[in-house]
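Me: I am new to this structure and would like a close look at one part of it, the salt bridges. Could you walk me through them, and then show me a little of what lies around them?

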Amino acid sequence: MKETWWLADEARAAIEARGLDVAAWMHAEGAVLSSDRQSAAIHINAQPPLLVKWRAPIPGRRRRAFLRPSRERREAFAMLAATRRGLPCPEPWAVGERRRFGVLQGAVYIRRFDTEAQTAENACLEDASTLVDAARALRAWHDLGFRHGDCYPKNILVGGGGVDPRPIGCPYARWITSGAVIDRARKKDIAQFLVGIPPSLDPEDGARALNAYVEDPGLPSAEALHAQVQPLIEGIMRKKAHRIATRPQREPDGPPKPVPLPPTAGAVRVVTMRLPG
């Protein structure tokens, strides 16, 4: 086994004090914010509070990251790239990966946790205008050239002590030429944003958000843009309906909980977390 850790300079002492051990971070005590069959996000009530996202791929999926960055590392470096280009977002503190012969066994991503912030998905249930603010921010991100890749409101952070709003949960983020360019990745972000609006809200709230997105010049009208993203919305909804319909066969006892890695001694390599160049 071999572990590699990427540490931000300002967080190195704090992370090393708690130990450079992927499995130990997976077993850390805290409030579980979300989980699926192979990953979890945990709030650790430390000083400062920490968010730990960890993944222990099920055996059939481990080779997907063979000699390739984990989702956790991709997200951390997407955040670094965004900050460098003037898009404020939560800065990563650390990423750790455990591998065996190049095959990913598990990974963790650690950053500060803003106890006063919440996702746009949750915030809009209290104040639907949050969606308008998030849509305006999304337009600004897109015009900078940022493409989120998983742009549901649950992956947009609002409130708290950070610049508002800001992207999170984006291991698939990428950058293209800046400007009001309508490419497939932009349309996919918009479709995901609209699909992710809680169904309990008034449909007009989604319409107001899209109107806010196009209020600056350079893009088609909200109606024309919605027509362009409608096929992507329908595709997302079909996949969602299929997952729901097949869940009883795939998971007859309900979604299984993720299984943290067992502690295993091995070599540890530490790398400073910074972008090249």
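Reply: Here is a tour of the salt bridges, followed by a helix, a sheet and a histidine.

A word on the model comes before the tour. The model is predicted, so local features need pLDDT of at least 70 and side-chain atom pairs count only at pLDDT 80 or more, while totals for chains, interfaces and linings use all residues. Residues are numbered from 1 along each chain as its sequence is written, and side-chain values use heavy atoms, with hydrogens and water left out.

Side chains of opposite charge can pair when their charged atoms come close. A salt bridge here is a side-chain nitrogen of Lys or Arg within 4 Å of a carboxyl oxygen of Asp or Glu. By this rule there are 16 salt bridges.

Start with Glu72 and Arg55, whose side chains meet in a salt bridge at 3.0 Å, N to O. This pair links distant parts of the chain: Glu72 belongs to helix α3 (residues 71-84) and Arg55 to strand β4 (residues 50-55), 17 residues apart. Helices (H or I, at least four residues) and strands (E, at least two) are DSSP runs, numbered from the N terminus. Glu72 and Arg55 are buried; buried means under 20% relative accessible area, exposed over 50%, and partly exposed in between, with a 1.4 Å probe and protein chains only.

Next come Glu97 and Arg73, with their closest N and O atoms 2.9 Å apart in a salt bridge. Because Glu97 sits in strand β5 (residues 92-100) and Arg73 in helix α3, the pair ties together parts that are 24 residues apart in sequence. Both Glu97 and Arg73 are buried.

Now look at Asp133 and Arg136, joined by a salt bridge of 4.0 Å, N to O. Both lie in helix α5 (residues 129-144), three residues apart, which is about one turn of the helix. Asp133 has a relative accessible area of 42%, so it counts as partly exposed, and Arg136, at 38%, is partly exposed too. Elsewhere, salt bridges that share partners join Glu3, Asp21 and Arg98 into one network.

From here, turn to helix α7 (residues 203-213), where the buried residues include Asp205, Leu210 and Tyr213. Seen down the axis of α7, the buried residues fall within an arc of 155° and so line one face of the helix; the arc is that of the directions from the helix axis to the C-beta atoms. Among the elements covering these residues are α5, α6 (184-195) and α8 (222-250).

For a view of strands, find the open sheet of three, in the order β7-β9-β10, with antiparallel pairing. β7 (117-119) and β10 (166-167) stand at the edges with a single partner strand each, so one side of each is left without a neighbour in the sheet. Two strands pair if DSSP finds at least two bridges between them, and β7 and β9 pair over three bridges. Thr119 has Leu157 in β9 as its bridge partner.

Last, visit His148, in the loop between β8 (146-147) and β9 (156-159). His148 counts as buried because its relative accessibility is 0%. Leaving aside neighbours within four places in sequence, His148 is in contact (heavy atoms within 4.5 Å) with residues including Asn155, Cys170 and Asp189.
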